[in-house]
Amino acid sequence: ADDWHTIRLRRSEEELRPVLYTEKELKDSPSRQDEISWERECELRRRVAGLIQEAGMRLELPCRAICTAVHYFHRVFAKLSMAKHPLMLTAET
């Protein structure tokens, strides 16, 4: 029988596992289902990632923090539609 510590460790390992998306998942994202083209989504991602990077540099944050913020932005919008969620508000938080 697993004790709570083993279960907790196993859960943590699963949460840290890299998230990889298939090409099909990327081409059929929630944004695409809301009729945002692949080109438009890529453009929005580049712009917001640039905004996050610029803000992080102005705040003199470590590169690792900036990269982490951009990474989480991309992960969030792999599961949420850009049409239904405010990009700039998400980028600012």
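This report describes the helices of one chain, with attention to helix H4, a buried serine and a pocket.

The model is a predicted one. Its chain has six helices and zero strands, so that, read from the N terminus, the elements follow the order α-α-α-α-α-α. Of the 93 residues in the chain, 23% are buried. Among contacts with a separation of 6 or more, 58% join residues 24 or more positions apart.

**Helix H4**

Helix H4 covers residues 38-58, and because each residue should add 1.5 Å, its 21 residues are expected to span 30 Å, which agrees with the 30 Å found between its end C-alpha atoms. The buried residues of H4 are Glu41, Leu44, Arg45, Val48, Ala49, Ile52 and Gly56. Viewed down the helix axis, these buried residues fall within an arc of 125°, and therefore they line one face of H4. An α-helix has 3.6 residues a turn, so residues three or four places apart point the same way. On the face of H4 turned away from the buried side sit the exposed residues Glu39, Arg46, Arg47, Met57 and Arg58. After H4 comes Glu60, which has a positive phi, near 60°.

**Ser31 in helix H3**

Ser31 belongs to helix H3, and because its relative accessibility is 0%, where buried means under 20%, Ser31 counts as buried. Leaving aside residues up to four places away in sequence, Ser31 touches Ile36, Glu41, Leu80, Ser81 and Met82. One of these partners, Glu41, is also among the buried residues of H4.

**The second largest pocket**

The second largest pocket holds about 210 Å³ of space. Its lining consists of 15 residues, and those nearest its centre are Glu25, Leu26, Ser29, Arg45 and Ala78. Arg45 is thus named both here and among the buried residues of H4. Helices H2 (23-27), H3 (30-33), H4 and H5 (63-79) each contribute at least two residues to this lining. The table gives the lining by residue class.

| Class in the lining of the second largest pocket | Number of residues |
|---|---|
| Nonpolar | seven residues |
| Polar | two residues |
| Charged | six residues |

Taken together, H3 and H4 both supply lining residues to the second largest pocket, while Ser31 of H3 also touches Glu41.

How values were computed:
Residues numbered from 1 in each chain as written. Predicted model: local features only at pLDDT ≥ 70, side-chain atom pairs only at ≥ 80, totals over all residues. Heavy atoms only, no water. Helix = DSSP H or I, 4+ residues; strand = E, 2+ residues; numbered from the N terminus. Expected span 1.5 Å × (residues − 1). Buried < 20%, exposed > 50% of the residue type's maximum accessible area, 1.4 Å probe, protein only. Arc of directions from axis to C-beta. 1 Å grid on protein atoms, 1.4 Å probe; cavity = no way out; pocket = protein on both sides within 12 Å on 5 of 7 lines; lining within 4 Å. Points joined across faces, edges and corners; volume = space filled by probe spheres on them. Nonpolar A, V, L, I, M, F, W, Y, C, P; charged D, E, K, R; others polar. Contact = heavy atoms within 4.5 Å.
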